[in-house]
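Biologist: Please take one side chain as a starting point and describe its surroundings closely, working outwards to the elements that it helps to connect. I should like the cut-offs stated as the terms arise.

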Amino acid sequence: MAGSGNKGFGPTRRAALTLIGAGAFAAGGMSLARTATNDGEVLTEAKVLRDPDVPVAGNPDGNVSIIEWSDYNCPYCRKLEPELRQVVQDDGKVRLVLKDWPILGPVSVTAARIALATKYQNKYHQAHDAMMGVSSRLTESRINELLASVGVDMDRVKGDLTAHGKDIDAILKRNNDQAEAFGFRGTPSFIVGKYRVPGVLSMTEFEQVIADARKAKMN
């Protein structure tokens, strides 16, 4: 499975946006459609928007959520990252939920597991930004070098991977199950409010979708 980036999306890319499932939102508040898997329901609001184990950037009390599924080796994710962060910062009322979805090979899995392990030393955002900020493909040694350069204690990471490995793998499985249930085929992919966004948007288009999401929330 490869990162999509929707390379040929073109000027009609917003046509790909879809409201999540007719009837998927309960009156008076959001209630994501529940999709059954072997492990039960994966698309509940609590699990998609409010998973306490998944890092959040932006305004944690924002009135619109953007959920991003990304892979550290995805060039489209890296290219989009600074623009998306700028939109979130400029808006001021957006929760950005960061779902690691390592689908581009074993090194991507290693990067995602290490990133989630850095949560235990409150360094996830530094680790995330460091790995998203490079232009070359990651290797395990490069990951270690990048994270050490932003103050991550790599010896502690090893210990936390051992101590919390099952919890970290469970997060990655939840992220993957949700992405597959939404029908995403590559990274980056997004939910913005009630909208499913399977690919890259420009800053202006993200601003418009956020505005649309706020309007949809009021209806």
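Modeller: R113 is partly exposed, with a relative accessible area of 21%; this class lies between buried (under 20%) and exposed (over 50%), for a 1.4 Å probe and protein chains only. The model is predicted, and local features require pLDDT of at least 70 and side-chain atom pairs pLDDT 80 or more, whereas totals for chains, interfaces and linings use all residues. Residues are numbered from 1 along each chain as its sequence is written, and side-chain values use heavy atoms, without hydrogens or water.

R113 forms a salt bridge with D169, in which the closest N and O atoms are 2.8 Å apart (the criterion is a Lys or Arg side-chain nitrogen within 4 Å of an Asp or Glu carboxyl oxygen). Because R113 belongs to helix α3 and D169 to helix α6, this pair ties together parts that are 56 residues apart in sequence. Helices are DSSP runs of H or I with at least four residues, strands are runs of E with at least two, and both are numbered from the N terminus. D169 is likewise partly exposed, at 36% relative accessibility.

Helix α6 spans residues 154-181 and carries further charged side chains. In this helix, K173 forms a salt bridge with D177, with 2.9 Å between the closest N and O atoms. K173 and D177 are four residues apart in α6, and so about one helical turn separates them. Their accessibilities fall in separate classes: K173 is partly exposed at 41%, while D177 counts as buried at 16%.

R174 is also found in α6 and is partly exposed, at 26% relative accessibility. D51, D53 and R174 are linked in a network of salt bridges. R174 touches both D51 and D53, neighbours up to four places away in sequence being left out; contact here means heavy atoms within 4.5 Å. The side chains of R174 and D53 also make a polar contact of 3.3 Å, that is, a pair of N or O atoms within 3.5 Å in which, within protein, one can donate a hydrogen and the other accept it, residues adjacent in sequence counting only if both atoms are side-chain atoms. R174 lies 126 residues from V48 in sequence, yet their C-alpha atoms are 8.8 Å apart.

Across the chain there are nine salt bridges. One of them joins R214 and D91, whose closest N and O atoms are 2.8 Å apart. R214 lies in helix α7 (residues 203-218) and D91 in helix α2, 123 residues apart, and thus the pair links distant parts of the chain. R214 and D91 are both partly exposed, R214 with a relative accessible area of 22% and D91 with 27%.

D100 presents a contrasting case. D100 lies in strand β6 (residues 94-100) and is buried without a salt bridge; K119, the nearest side chain of opposite charge, is 8.4 Å away (Lys and Arg count as positive, Asp and Glu as negative, and His and the chain ends are not counted). The side chain of D100 does make a polar contact of 2.9 Å with that of Y72. Beyond four places in sequence, D100 touches residues including S70, L116, L172 and N175.

S70 leads on to strand β5. S70 is buried at 4% relative accessibility, and its contacts beyond four places in sequence include C77, D100, H128 and T187. All seven residues of β5 (residues 64-70) are buried. Of its two faces, one holds V64, I66, E68 and S70, and the other S65, I67 and W69. Strand β5 pairs with β6 in the parallel sense over seven bridges, where pairing requires at least two DSSP bridges; V64 stands opposite V94 in β6. Strand β5 is also joined to β7 (residues 189-192) by four bridges, in antiparallel orientation, with E68 opposite F190.

The loop between α6 and β7 contains P188, and the peptide bond from T187 to P188 is cis, with omega near -5°. Helix α4 (residues 124-132) has Y124 and H128 among its buried residues, and the buried residues of α4 pack against β5, α2, β6, α3 and α5. In the loop between α3 and α4, N122 has a positive phi of about 55° although it is not a glycine. N122 is exposed, with a relative accessible area of 68%.
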